[in-house]
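Work through the exercises below. Try each task before you read its solution.

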Amino acid sequence: MNPQVVAFIEMLKNTIPADTPKMWQLTPAQAREQSERFFAPFNAGGPQMAEVREMRVAARRGEIPARLYVPKGAQAASRGMLFLHGGGFVVGSLKTHDRLARELATRLAARVLSLDYGLAPEHPYPQGLDDCVDAARWVASHAAALGMDRSRLVIGGDSAGANLGAGTLLRLRDEGSAPLFCAAIYLYGRFTVGETDSLRAWGDRELILSRRQMKWFAQAYAGTGAPPTGPYLAPVEADLRGLPPSILVVGTLDPLLSDSQLFADALRKAGVPAELHVYPDGIHAFLQMPMFDMTGDALEKIAAFVRRC
């Protein structure tokens with residue numbers, strides 16, 4: 001196994017007490033606090049921004065908090081990105097993904113708007129997705145004020161955020177919007193609702209992401225109704241024609257490996273250019289962990305892909 005991943009796993013064993021509750025044993029509020037504590041050390045350092053601005057995005061349920069990252073050297077009309085953080089639709093925040101947003105802003109030479117969409121169970125499906133759809137339209141209509149070039153807008157996210165990114169693109173298309181984004185970035189996303197080969201292989205390992213945790217996320221996302229299904233939740237089942245060129249990144253130790261592979265195949269069959277990068281021994285959420293060489297390599301591959309947009 002990659003020695004950097006081995007060292008990371010050993011660090012987790014040595015620093016996290018054995019009796020620490022699993023996320024699925026906590027309340028959503030407790031899980032969010034646990035997630036922010038866990039990722040706090042990984043957010044230290046990294047690129048400095050020319051500006052970081054707290055914002056509010058107008059949406060159907062009211063104003064949504066967001067954070068705009070402006071990299072150093074940004075031009076008056078830079079490439080723009082709408083970033084949707086991961087966390088199983090239940091946890092995750094602007095804080096947990098702060099460094100990743102800064103890395104993307106710097107590597108892509110883009111102004112990045114990170115969205116604090118509504119989390120479940122307070123905001124069950126499709127409320128979080130509604131927030132993302134509304135934010136996508138808002139970014140496009142306010143691109144000039146944000147310093148973004150409307151012809152070079154990108155959407156992307158990790159884990160649940162990748163799912164929301166795909167769902168947003170499908171909703172925009174199905175609801176008659178003109179194409180708003182020239183490229184999509186999907187980082188180890190969940191694109192199915194069933195059992196997959198990688199979930200069977202790694203779902204019980206409790207390494208960042210597990211089957212129990214995913215079940216807990218899904219129950220919260222469903223709210224009081226039946227478990228949500230359909231193409232906006234499981235994009236691999238959707239008609240994907242007309243979606244923008246896409247790059248997918250995932251690791252071989254991730255329970256969601258199969259999701260990225262299946263979604264990349266589905267995109268290609270629909271005529272959508274899809275570039276898939278699979279990292280040996282990569283774990284879920286590795287792009288939030290700057291100590292891995294694979295993280296820097298993946299960011300460079302994403303930047304090279306987006307520069308063609």
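**Exercise 1.** Which handedness does the link of Cys182 and Cys309 have, going by the angle about the S-S bond?

*Solution.* Start with the source. This is a predicted model, where local features need pLDDT of at least 70, side-chain atom pairs count only at pLDDT 80 or more, and totals for chains, interfaces and linings use all residues. Residues are numbered from 1 along each chain as its sequence is written, and side-chain values use heavy atoms, with hydrogens and water left out.

Now the bond. A disulfide is a covalent bond between the sulfur atoms of two cysteines. Here the term is applied to a pair of cysteine sulfur atoms within 2.5 Å. The sulfur atoms of Cys182 and Cys309 are 1.4 Å apart, so they form a disulfide. The angle about their S-S bond is -125 degrees, and the link is left-handed.

**Exercise 2.** Which parts does the pair Cys182 and Cys309 tie together?

*Solution.* Helices (H or I, at least four residues) and strands (E, at least two) are DSSP runs, numbered from the N terminus. Cys182 lies in the loop between helix H6 (160-174) and strand E6 (183-187). Cys309 lies in the segment after helix H10 (293-307). The pair therefore joins parts 127 residues apart in sequence.

**Exercise 3.** Why does Cys132 have no bond to the closest cysteine sulfur, in Cys182? Is Cys132 buried or exposed?

*Solution.* The two sulfurs are 18 Å apart, too far for a bond. For the second part, buried means under 20% relative accessible area, exposed over 50%, partly exposed in between (1.4 Å probe, protein chains only). Cys132 has 0%, so Cys132 is buried.
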